[in-house]
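Work through the exercises below with the sequence and the model side by side. Try each task before reading its solution.

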Amino acid sequence: MADTSDSRTPAQIEADIRRRREVLAETLDELGMRVHPKTIVGDAKAKVASSVDHTLGRAYVGVNRVVSDVKSQFVDETGAPRMERVVPVALVVVGVVGLLALGGTRRRGR
């Protein structure tokens, strides 16, 4: 059987009860804050924002890598343009723009 004798005075017991009530009140206040709808919505928004920031950061790194790779195809180590690669691409771009311009004027003429 459990020993039910207590050597504390009534004043000590009341002080212990008072302390435990204060701790319980703080715990209940904290729980109330955690389950409050505004807190839940705020936490959800923070998680979404963090996820979006992470995704955008990864996308930025990926795009930056692609741009660097493309730039390295058209510029040499000294920063000078590689004319053997720039000229053919420029001709293709001019040709495509020209074809689009001609195709646009033919449709309008009909």
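Buried means under 20% relative accessible area, exposed over 50%, and partly exposed in between (1.4 Å probe, protein chains only). This is a predicted model: local features need pLDDT of at least 70, side-chain atom pairs count only at pLDDT 80 or more, and totals for chains, interfaces and linings use all residues. Residues are numbered from 1 along each chain as its sequence is written, and side-chain values use heavy atoms, leaving out hydrogens and water.

**Exercise 1.** Classify Val52 as buried, partly exposed or exposed.

*Solution.* Start with the location. Val52 sits in helix α2, residues 37-74. Helices are DSSP runs (H or I, at least four residues), and strands are runs of E of at least two, numbered from the N terminus. Now take the area. The relative accessible area of Val52 is 40%. Val52 is therefore partly exposed.

**Exercise 2.** Classify Ser7 as buried or exposed, and find its distance from Val23.

*Solution.* Ser7 lies in the segment before α1 (10-34). Its relative accessible area is 75%, so Ser7 is exposed. Next, count along the chain: Ser7 and Val23 are 16 residues apart in sequence. In space, 24 Å separate them, C-alpha to C-alpha.

**Exercise 3.** Describe the span that UniProt annotates as "transmembrane region".

*Solution.* The unreviewed entry places it at residues 86-105. UniProt positions follow the numbering used here, feature names are shortened, and annotations may be inferred rather than shown by experiment. In the model, residues 86-105 are 100% helix and 0% strand. Their end C-alpha atoms lie 29 Å apart.
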